[in-house]
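Please open the model in your viewer and keep the sequence panel beside it. The tour begins with the whole chain and then moves to a single sheet, one selection at a time.

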Amino acid sequence: MKFILTSLKFLKAVQAISGVINSSNTLPILDDFLFEFTEDTLKVTASDLETTMTVAIKPDMVEGVGKVTVPARLLIDTLKNLPDIPLTFNIDEVTLGIEITTGEGHYKMVGHKSDEFPQVPALNEPMVWEIPADVLACGFEKTIFAAGNDEIRPIMTGVYMEMKDNSLTFVATDAHKLVRYRRFDVKSDITASFIVPKKPINQLKSVLSSRADESVRVEFDNKNATFTFGEYRLVCRLIEGRYPNYEAVIPASNPNSLIIDRQLLTSAIKRVSVFSSKATHQIRFKISGRELLLTAEDLDYSNEAKERLSCNYSGNDIEIGFSSRFFQEMLANISQPEVKIEMSAPNRAGIITPVDNQNADEDILMLLMPVMLS
């Protein structure tokens, strides 16, 4: 088997799927890429058993058909250190020896038999959605940071996707914070939902970010989902279980409403939070009239910081505590210049939403549980 391909084109393709490979694997074959040759295409696949990603490449020339696995790290390190030049790969079908030839260079590595490489799971009577790539990337980007890390509650470690007649909703929560991102410009006759793990989401985010004009074909059954776009295909095992009733935890009545410049608030929280407790990251919001007083203190080291900000506020005076780390994450995932913070009581969740969202087809709501004021 033989093919010719420029090093930069090849490097970009394999780097896009290399994130699937774990740093340490129980099965040595999972340290490899699977190469599959057809008449004019080279398919390269990476897998960790739970997630499998494939990229189809059109080399300048292909000879032969067949399969071989190639050490992934060695291949990527080789390509990284080469200039953008044509490479000739010769693969001996008997010994599986791989020779890479450049103008002046000659490199050898040993491939392995493809028999042990994991098979891609087949979907059982899959349902299908068509989702614009920019919508899928944005939905994942706006929510994944709120997903949990507690393996005891695996259903909360991924992003929940729910398609209804008139909208597509993405939800993530770790019980301390929750994000609901909804799009009204994506519709389907198929009403369904599933939970996508973090790893395939991060893989998709990195590739979809540069493919805004494309459409992603999403096929799924009750165990697996496939995302296909352009030359890429990702198959992942879904998280099984019933997602929490997220709508039930969103407070319906929030009489206290604060509107403030997002960047102004972000900068102030960053400065004040330096003086907060390293254990709780607690920051105190004291709101009265048209003034917001931010306070943080670390009693163990006698550190304290206060900062006053002007704001537009309606409601009763309130004093409430939040995690500065979580609050900054939420503000960072809102692009509008102003945000609205709605509250009902010091022990009830606060709601953060953008003000004057220019996209009528987009709705984003962030919920943050308060911390007990010390």
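A residue is called buried here when its relative accessible area is under 20%, judged with a 1.4 Å probe and with protein chains only. By that cut-off, 52% of the 374 residues of the chain count as buried in this predicted model.

Begin with the whole chain selected and shown as a cartoon, in which six helices and 26 strands can be picked out. Along the principal axes, the C-alpha atoms fill a box of roughly 80 × 50 × 40 Å. If you switch to a surface, the chain exposes about 17900 Å², of which carbon and sulfur atoms supply 48%. Colouring by charge brings up 39 positive and 51 negative side chains, and the centres of these two sets lie 4 Å apart. Among contacts between residues at least 6 apart in sequence, 66% join residues at least 24 apart.

Next, select the five strands that form an open, antiparallel sheet, and follow them across in the order β5-β1-β7-β8-β9. At its edges are β5 (61-63) and β9 (106-110), each of which pairs on one side only. Neighbouring strands of this sheet are turned against each other by 20° on average, direction ignored.

Now narrow the selection to β8 (residues 97-101) together with β9, which pair in the antiparallel sense over five bridges. Which residue of β9 is the bridge partner of G97? It is V110 that takes this place opposite G97.

Finally, add helix α1 (residues 7-18), which lies across β1 (2-6) and β7 (86-91) and runs at about 95° to β1.

Terms used:
Residues are numbered from 1 along each chain as its sequence is written. This is a predicted model: local features need pLDDT of at least 70, side-chain atom pairs count only at pLDDT 80 or more; totals for chains, interfaces and linings use all residues. Side-chain values use heavy atoms; hydrogens and water are left out. Two strands pair if DSSP finds at least two bridges between them. Helices (H or I, at least four residues) and strands (E, at least two) are DSSP runs, numbered from the N terminus. Axes are lines fitted to C-alpha atoms, for helices over the stretch in contact, and angles run from 0 to 180 degrees between N-to-C directions. Contact means heavy atoms within 4.5 Å. Buried means under 20% relative accessible area, exposed over 50%, partly exposed in between (1.4 Å probe, protein chains only). Accessible areas come from the Shrake-Rupley method with a 1.4 Å probe; for residues, only the protein chains shown count as cover. Lys and Arg count as positive and Asp and Glu as negative; His and the chain ends are not counted. The place of a charge is taken as NZ of Lys, CZ of Arg, CG of Asp or CD of Glu.
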